[in-house]
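Colleague: Thanks for sharing this one with me. Could we go through it together, from the whole chain down to single residues?

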Amino acid sequence: MTYLAVPVAAKDKSEAYELIKTAQCEGAEMLELRTDFLADLNLDKVKELIDCARKTKLPVIVTCRDKAQGGAADWPLSLRAEILVEALNCGAEFIDCEFENFSGMQEKLKQALVQNHEARLILSAHNFDGPWRQGKLAHLCEDIKAACPEAIPKLVYTAKHINDCFEAFDLLHNTEGDAIAFCMGVDGLISRILAKKFNSFLSFASISDDSATAPGQVTVKQLKSLYRWQNLGADTEIFGVIGNPVGHSLSPAIFNALFDAASINALYLPVLIRGEKDEFSEFVDNIINRTSLGFGGFSVTIPHKTSALDYVNTAGEFVEPLAGNIGAVNTLKVGFNGIVSGYNTDYAGALDALIAAIDINRHDLHGTSAAVIGAGGVARAVVAGLADVGAKITIYNRTVSKARSLAEEFNCKYLPLAAAANMSAKIIVNCTSIGMYPNTDASAVPPDCIRPDMVVFDTVYNPLATKLLQDAARAGARTVNGAEMFIRQAMAQYKIFTGSDADEKIIRKTVFECLAEDS
Ligand code: NAP
């Protein structure tokens, strides 16, 4: 069992009561009373706090952290020892003492633990500056066990990069008996969630973003509703979206809702990978060298799509031919044997969104004139898809050299962006960020060049009704919004990940709910 522990860091009794009540309502499975946050710390106050927490019937940890280890105040060591002893005598199930300070209070604590033999000691070490030097994490864990074999070692450090999390995973995987290990900071997010998969004794979550006691804590609500905490276990297959940034990706909400509805034992995470090709490759190597992690696949977004293609070309098994032509992989499938395959569902998502709106099949696009605005990553996928079915494409882009090189690759025409004002194509696809929030008054195409017999497709989905699509609707043209492409490419990814068809209704509901929340 991995407890979902919520820290209660209150300055007085009334604030603590409110926090404890809320933590229980939100679904905390354990409370950590951070007594170092109390103003005028004394034994009576700690007793009151414990009495209040024990009414919830949740297991209680009492901690009195010093500043060096992330605490709120430097109370004298003797007082902190008294607080922890009092906590045991008042019925706290756990006390947490910094390993660094243990020798100064071990006699008192060990004696109190003998008298309260059901309670347990957590011996903790924190490094806020980053990971410990290579190998020190495992040594610290051994030192803690040697100093007090009954104690639960707790080792926490700041991840400077997601690749720093793997040492914590290895420690949990290789340690017999109870242990706690995870990483702080935004780069450590996956370690707080996957702690449960690796049977960490506990993981911490906050009541709200404001009440977090350490950097990178997620909220109990997020863990329970978005990240499927109740379902997470050793056999859960893990998926995720790799990118930088990934904080605002809709994909975790979509895929976790799909897994939930289909009762699939899987979890989908945001996977922030800073850096470029080397950091990306190191991450995928870390994944495939540890089969116990159970990663099944990834969506890949900016800026890693080319690195994903290079990785599969070098170390993988199969690259979908069109992904090779596009020069980008947006989906990685990790086989049970650790072999990685690469796909691109952006082009299929774009084409399917288009043909569904016109009610035709892909082959009917053969010979149809299409104006693609933009020459970046999305434009490549759209051009590759349209070229594949034989559409007559003209690329318009602000930077003409980029339009030219894309046009040469796919054997189509190109013009400067300004020339889009005179276009006469049947289909217009905006693949630039023009019109995206917050610049919602902008459009890639002047309204007077849109005719009623056109189909206008804007890949931007924030907002859904961009200025371009509003102009097109006014002109009587058919419109396709960016969410349609997003939904269809996610459906194609789900099929690659699970082998089953995604429930389109669930994807639509989740996408539109998330977009409404953001607007
Ligand atoms: P990208 O590779 O960075 O390309 C950006 C393109 O937009 C380039 O052609 C760039 O022109 C052009 N551009 C940017 N700002 C401009 C401006 N102010 N004036 C004129 N042109 C401008 O980005 P991407 O990955 O292709 O993404 C483009 C857009 O697609 C995103 O903003 C997003 O809204 C949308 N998108 C949609 C989905 C979906 O599923 N619906 C998925 C991903 C992205 P230059 O070459 O001159 O710089």
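What follows is a conversation about this predicted model.

Colleague: Happy to start broad. How many helices and strands does the protein chain have?

Modeller: This is a predicted model, so I keep to what its atoms show. The C-alpha atoms fill a box of roughly 85 × 45 × 40 Å along the principal axes. Within the protein chain, the secondary structure comes to 18 helices and 20 strands.

Colleague: What percentage of the residues of the protein chain count as buried?

Modeller: Let me give you the surface first: the protein chain exposes about 21,900 Å², and carbon and sulfur atoms supply 49% of that area. A residue counts as buried when its relative accessible area is under 20%. Of the 519 residues, the buried share is 55%.

Colleague: And how far apart are the mean positions of the positive and negative charges?

Modeller: The protein chain has 48 positive and 63 negative charges. Taking the mean position of each set, the separation is 4 Å.

Colleague: Let's turn to the ligand. Which residues are the closest to the ligand?

Modeller: The ligand is surrounded by 22 residues. Among the elements, α14 (377-388) and α17 (482-498) are those that give two or more residues to this shell. The closest residues are G377, V378, N397, T399 and T459.

Colleague: Which element gives the largest share of the shell around the ligand?

Modeller: The largest share amounts to three residues. The element that supplies them is α17.

Colleague: Which residue has a backbone N or O atom 2.9 Å from a nitrogen atom of the ligand?

Modeller: Let's sort the polar pairs by ligand atom. A375 uses a backbone N or O atom, but its partner, at 2.9 Å, is an oxygen atom of the ligand. R398 also pairs with a ligand oxygen, at 3.0 Å, through an N or O atom in its side chain. The backbone pairing with a ligand nitrogen at 2.9 Å belongs to T459.

Colleague: How much of the accessible area of the ligand does the protein cover?

Modeller: Polar pairs such as the one from T459 are one part of the picture. On its own, the ligand has 920 Å² of accessible area, and the share covered by the protein is 75%.

Colleague: Now for some single residues. Which backbone oxygen does the side chain of S203 reach?

Modeller: S203 sits in strand β8 (residues 202-204). Because its relative accessible area is 0%, S203 counts as buried. Beyond its sequence neighbours, S203 touches T2, Y3, L4, A5, R192, A195 and W229. At 2.7 Å, its side chain reaches the backbone oxygen of R192.

Colleague: Is V6 buried or exposed?

Modeller: V6 lies in strand β1 (residues 3-8). Leaving out residues up to four places away in sequence, V6 touches A23, A28, M30, L31, E32, A205, I207 and V220. Its relative accessible area is 0%, so V6 is buried.

Colleague: One last element: how many of the 11 residues of helix α9 are buried?

Modeller: Helix α9 spans residues 251-261 and is mostly covered. Its buried residues are S251, P252, A253, I254, F255, N256, L258 and F259. That makes the count eight.

Colleague: And which residue with a positive phi follows α9?

Modeller: Moving on from the helix, look for a phi near 50 degrees. The residue that follows α9 with this positive phi is S263.

Methods
Residues numbered from 1 in each chain as written. Predicted model: local features only at pLDDT ≥ 70, side-chain atom pairs only at ≥ 80, totals over all residues. Heavy atoms only, no water. Helix = DSSP H or I, 4+ residues; strand = E, 2+ residues; numbered from the N terminus. Buried < 20%, exposed > 50% of the residue type's maximum accessible area, 1.4 Å probe, protein only. Areas by Shrake-Rupley, 256 points an atom, 1.4 Å probe, with all protein chains shown as cover. Lys, Arg positive; Asp, Glu negative; His and termini not counted. Charge placed at Lys NZ, Arg CZ, Asp CG, Glu CD. Near = heavy atom within 4 Å. Polar contact = N/O pair within 3.5 Å; in protein donor to acceptor, adjacent residues only side chain to side chain. Contact = heavy atoms within 4.5 Å.
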